[in-house]
Amino acid sequence: MSSSVKALPLRCKLLIGRPGTRALAVLGDPINCSRRGMVVGGRDAPSGLSAKAEGGTSLTECCEGVDVEVLSDEVHQLDGEVLQRHGCAGCLAGDGHAPFPSRTHTCGELTSDHAGVRVVLAGWLLPERKVSKAMSFFPIKDSHGTTQLVLRLSDIPVESTVLIEGEDGTGDVEVEVSNFVLLNPANRNLPFVPSDEHCLVNEELRAEFRHLDLRRVALTNNIKKRSTVSRVIRDTLHHEGFLEVETPLLLKSSPEGAREFLVPSRVGRSANEADMRPLFYSLPQSPQQPKQLLICSGAIDKYFQIAKCFRDEDGRKDRQPEFTQIDLEMAYVSWGPPRHISESQAVKWQIGGHEVRAVVESLIRNIWQQVENVALPSSFDVMTYAEAMSSYGSDKPDTRFPLKIVNVSSLLPDQHRVRLEGSRVTLEALDRITITTDNEFNWLDNCRVTRFDIPLAAETYAAINRTLGVNPGDCIWVSQRRSVIEVDSAVASTALGRIRIRLAEIAEKLGDYTPPTTPHFLWVTEFPLFTKADPDKNFLAHGRWSSTHHPFTAPMWQDIEAMYAGRDKPGMHLSYVRGQHYDLVLNGVEIGGGSVRVHDAGHARYILTQVLQLTDSEKSTFEHLLHALRCGAPPHGGIALGFDRLMSILCKTASIRDVIAFPKTGAGTDPLFKSPATVAANVLHQYGIQFVHRS
């Protein structure tokens, strides 16, 4: 038999078959051949069937270490090209992609009802489980699940992409394979095997090869759940009458708070050669200004968006430089507590925005009901910022455990209390002095935190001990702090607040405390409107007041007079002005924050000019929004829920990176895409940017 073999290109495809079965083609990403040419034929091929192109290369060399086993020999003549089909030996010349059947089912779809049904499955081959010398089980996995295959198989690398034909003859969801197609062999030297659940490599290596890490069942399920929650969000908000509107990602830099990512632009640059200053867009920290403008326009009454946001912050384990938030804004939001609910609820919620609260609670209830099958209460608890900081030492208190901080100052005699108030400090107790029968009535006199000139009387100790519930053998932690706690995003807790959380963690490790499975949602309201204690904002403020939330958060109507007089009148300090700001907390984690907005242009300009003391240049970045307020803007308010943090709680993972398909590291880098990266000098020149060497 005479035959000729064409010179093969640098791209080839493998073929495979099984004894007694129809041979099937092996497809996938091309395997690079080191030379043009390949041996065609099998180890048992008759003499004369093996042919070699010029510079012939062995199959083993070509396939980069993939073992070759001849399972059958069958020669076909295709357009003058000899093609021998056998266990992993052969190539298709040109770009020939041999056809293969479409899959009929997913791996997670098969049940006992599919007994006797012919199925075609595709997925990744997992490690072999030997049953006997004559039989092995090979699991095949796709994004839907895993199915067990019954077959004898040659040495094919784990994690190779395969397609099989067969049927479940027993109803035990074990597919007896009749045809097997190797779609794409995996490299035998993978950086790690994602299917090996007992050997989880370090996070740095998994981040570098995220495309492999995503094959892990846990991450696959997280991404699926995230998609499901996205659908529930959209369905719920559409039902509530919200319109989904996309807002710009390329905006102008503005002094709203955190550092921004800047994007250089060639567009709009001056034609004047004398003015070659580079121009920049900024990526939005949130769609705050666009969404307010949408509501001010009157075209949109209720807006929402699952929005990408960007903040150039220092690395933290629970933050990402790019993140996703569920963004809402509503027109005609109230400025005071609702009148149609019970008096007890109205007492707790003294700010406006209860319309936003109702929508968010409905949304959260739907998510938990549809995704977790958990019914949540009709309304969530409410707590003021002052109560949260004084009773729990945190602006996002974990209320799953009842351990509270007690203000001891109020229990002291007048002369001692006046001394503390004069120093503007508060004495608190949680626990940490060990109480014995010897110090039961003098423990505070010997405390290193504070010293009293006059010892406390025995009856005062009796009242304090009774309030704290202290008995010999107990421990008391004592702390002295400033009476007014300013908002600090870097340290949003007091010393005793941090000890309280640590005690719960230790008790949980020792088995003395088990957190309840029921989620504990909590609204925290009435935050200070302004702060000087936030280092994340001070780089822009330079010692001036900053907005705790953002510059267009409305003050509580009761504190408007104090805001206008706060810089002049005694007792009306700006730190006492409360904002109509609300945070949603879940199990001690802030998952969202929002506010009622300033819709009066006069109030807005006073805050920007007199309180925040912005320069004319800084105020100009808000001029379009101020103009919109002067055009009859309705009262409005909104909220942004952190989608990544919400998903990390739903997926029960400590890191938000586990619920993002392609996350950044804690330092803000991306080992997979190798970003951020330098740019060539000639590219920078197009944007008017020049690299400067510093000595």
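Two strands pair if DSSP finds at least two bridges between them. Keep that in mind for our opening example. Strand 15 and strand 18 are joined by 2 bridges, and they run parallel. One thing to say early: this is a predicted model.

Now the overview. The protein has 695 residues, and 46% of them are buried. Its secondary structure comes to 18 helices and 29 strands. Look at contacts between residues at least 6 apart in sequence. Of these, 66% join residues at least 24 apart.

Back to the sheet. Strands 15 and 18 belong to an open sheet of 8 strands. The order is 15-18-19-29-28-27-24-20, and the pairing is mixed. Which strands sit at the edges? They are strand 15, residues 243-244, and strand 20, residues 381-384. Each of those pairs on one side only.

Let's walk in from the strand 15 edge. Glu 244 stands opposite Phe 304 in strand 18. Strand 18 covers residues 302-310, and 7 of its 9 residues are buried. Its pairing with strand 19, residues 322-331, is antiparallel and takes 9 bridges. Take Ile 306 as an example: its bridge partner in strand 19 is Ile 326.

Further along the order we reach strands 28 and 27. Strand 27 is residues 581-586, and strand 28 is residues 589-596. They run antiparallel, with 6 bridges between them. His 581 has Ser 595 of strand 28 as its bridge partner.

A word on strands in general. In a regular strand, side chains alternate between the two faces of the sheet.

Next, strand 13. This one is residues 161-168, and it is mostly covered, with 6 of 8 residues buried. It pairs with strand 9, residues 118-125, in the antiparallel sense over 7 bridges. There, Gly 123 has Val 162 of strand 13 as its bridge partner. Strand 13 also runs antiparallel to strand 14, residues 174-184, with 8 bridges joining them. In that pair, Gly 166 stands opposite Val 177 of strand 14.

On to helices. Helix 7 spans residues 354-372 and holds Glu 361. Is Glu 361 buried or exposed? It counts as buried, because its relative accessibility is 5% and the cut-off for buried is under 20%. What does its side chain meet? A polar contact of 2.9 Å joins it to the side chain of Trp 523. Set aside neighbours within four places in sequence, and Glu 361 is in contact with Ser 378, Ser 379, Phe 380 and Trp 523.

Past helix 7, in the loop before strand 20, we find Asn 373. Its phi is near 60 degrees, a positive value in a residue other than glycine. Asn 373 is exposed, with a relative accessible area of 62%.

Tyr 332 also has a positive phi, near 60 degrees, and is not glycine. It lies in the loop between strand 19 and helix 6, residues 343-348. At 59% relative accessible area, Tyr 332 is exposed.

Helix 8 is residues 385-392. Its buried residues are Tyr 385, Ala 388, Met 389, Ser 391 and Tyr 392. Just after helix 8 comes Gly 393, with a positive phi of about 70 degrees.

Now the loop between helix 17, residues 643-650, and helix 18, residues 681-686. Thr 669 sits in this loop. It is partly exposed, at 33% relative accessible area. Where is Pro 321 relative to it? The two are 348 residues apart in sequence, yet 9.1 Å apart in space, C-alpha to C-alpha. Not counting residues up to four places away, Thr 669 touches Lys 664, Ser 675 and Pro 676.

Pro 676 is in that loop too. A cis peptide bond joins Ser 675 to Pro 676, with omega about 0 degrees.

Pro 676 leads us to the last stop, the second largest pocket. About 650 Å³ of space lies there. Of the 18 residues lining it, the closest to the centre are Phe 261, Leu 262, Pro 264, Pro 676 and Ala 677. Which strand gives the most to the lining? Strand 16, residues 262-265, with 3 residues. What is the lining made of, by class? There are 13 nonpolar, 3 polar and 2 charged residues.

That's the tour.

Conventions
Residues numbered from 1 in each chain as written. Predicted model: local features only at pLDDT ≥ 70, side-chain atom pairs only at ≥ 80, totals over all residues. Heavy atoms only, no water. 1 Å grid on protein atoms, 1.4 Å probe; cavity = no way out; pocket = protein on both sides within 12 Å on 5 of 7 lines; lining within 4 Å. Points joined across faces, edges and corners; volume = space filled by probe spheres on them. Helix = DSSP H or I, 4+ residues; strand = E, 2+ residues; numbered from the N terminus. Nonpolar A, V, L, I, M, F, W, Y, C, P; charged D, E, K, R; others polar. Buried < 20%, exposed > 50% of the residue type's maximum accessible area, 1.4 Å probe, protein only. Polar contact = N/O pair within 3.5 Å; in protein donor to acceptor, adjacent residues only side chain to side chain. Contact = heavy atoms within 4.5 Å.
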